[in-house]
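Trainee: Could you take me on a close look at one part of this model? I'd like to see how the aromatic rings sit and what surrounds them.

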Amino acid sequence: MSRKILIGYDHSEISKKALEWIVEKKAVFPDDDITIATIVNDDAIEVEGAFGMESVITGSSGWLADSQGDRISQIEQESSEALNSAVAWFQSMGFDVTPRILSGNPEETLKDFAVANKIDLVIVGSRGLGFIKRQFLGSVSEYLTHHLKCSVLVVRNG
């Protein structure tokens, strides 16, 4: 019987290394039902503006040249391209995976998807945040380990 696995993927270097690690260490098998998901967090764009923290560095001229809807579309396109690249990598390793672009807060969205789809195992990377940063930024992996009943595998960086 195959397991239902959800991999949270944010197309960072840490996420890419986590994908390599789970295949190398045989944490997933070719007969598993694997979904790889990335989250587009529209709420963060609304709060931070179209350029997020970039606008703090480059000033408001970038904000004026770009609408929020265009920025969301751009982020969705970039996420789709990165996700397709991860899917192609998995396929080259002999795995069939289902890509999903989800929208919302990463912690809640991954949790809700896992529960709704009766996922057996959630796999996420760890950014290695220290205590102080975790208090301000939060930790997706920490949230999932506390709020999911299924197993959660956190792949540490390094």
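**The aromatic cluster and its surroundings**

Mentor: Searching the whole structure turns up two aromatic pairs. Bear in mind as we go that this is a predicted model. One pair is W89 with F90, an edge-to-face arrangement with 5.3 Å centre to centre and 70° between the planes. The other joins F90 and F95: their ring centres are 5.8 Å apart and the planes sit at 80°, so this pair is edge-to-face too. Put together, the ring pairs link W89, F90 and F95 into a cluster.

How do these rings stand towards the outside? W89 has 26% relative accessibility, so it counts as partly exposed; the cut-off for buried is under 20%. F90 comes out at 0% and is therefore buried, and F95 is buried as well, with a relative accessible area of 5%.

From F90 we can step over to V97, which lies in strand β3. Setting aside neighbours within four places in sequence, V97 is in contact with I34, I36, V87 and F90. V97 has 11% relative accessibility, so V97 also counts as buried. Its C-alpha atom is 9.8 Å from that of I7, although the two residues are 90 apart along the chain.

Now for the strands. β3 (residues 97-103) runs parallel to β2, and seven bridges join the two; T35 stands opposite T98 in β3. β2 also pairs in the parallel sense with β1 (residues 4-8), over five bridges. There, I5 stands opposite I34 in β2. To get from β1 to β2 the chain passes through helix α1 (residues 13-24), and this β-α-β crossover is right-handed. Why call β2 (residues 33-40) largely enclosed by the rest of the structure? Because seven of its eight residues are buried.

F90 turns up again in the nonpolar packing. The largest nonpolar core has 20 residues, and F90 is listed among those with the most contacts inside it, along with I7, L19, I22, V28, I36 and I123. At least two residues of this core come from each of β1, α1, β2, α5 (68-92) and β4. I123 is a good one to click on: leaving out neighbours within four places in sequence, I123 is in contact with I5, L6, I7, G8, I22, V28, L153 and V155. Apart from that core lies another, of 14 residues, with L110, A114, V124 and C150 among them.

L110 and A114 bring us to helix α6 (residues 106-116), where they are buried together with E107, T109, K111 and F113. What covers the buried residues of α6 includes β1, β2 and β3, plus β4 (121-125) and α8 (140-147). Have a look at both ends of α6 while you're there. At its start, a side-chain oxygen of N105 reaches to within 3.0 Å of the backbone nitrogen of E107. Just after α6, K118 takes a positive phi of about 50°.

To retrace the route: F90 belongs to the ring cluster with W89 and F95, is in contact with V97, and is listed with I7 and I36 for contacts inside the largest nonpolar core.

Notes:
Residues are numbered from 1 along each chain as its sequence is written. Side-chain values use heavy atoms; hydrogens and water are left out. Rings of Phe, Tyr and Trp (its six-membered ring) pair if their centres lie within 6.5 Å; planes under 30 degrees apart count as stacked, over 60 as edge-to-face and the rest as tilted. Buried means under 20% relative accessible area, exposed over 50%, partly exposed in between (1.4 Å probe, protein chains only). Helices (H or I, at least four residues) and strands (E, at least two) are DSSP runs, numbered from the N terminus. Two strands pair if DSSP finds at least two bridges between them. A crossover is right-handed if, with the strands pointing away from the viewer, the path from the first strand over the helix to the second runs clockwise. Contact means heavy atoms within 4.5 Å. A polar contact is a pair of N or O atoms within 3.5 Å; within protein, one must be able to donate a hydrogen and the other to accept it, and residues adjacent in sequence count only if both atoms are side-chain atoms. A nonpolar core is a set of buried Ala, Val, Leu, Ile, Met, Phe, Trp, Tyr and Cys residues joined through side-chain atoms within 4.5 Å.
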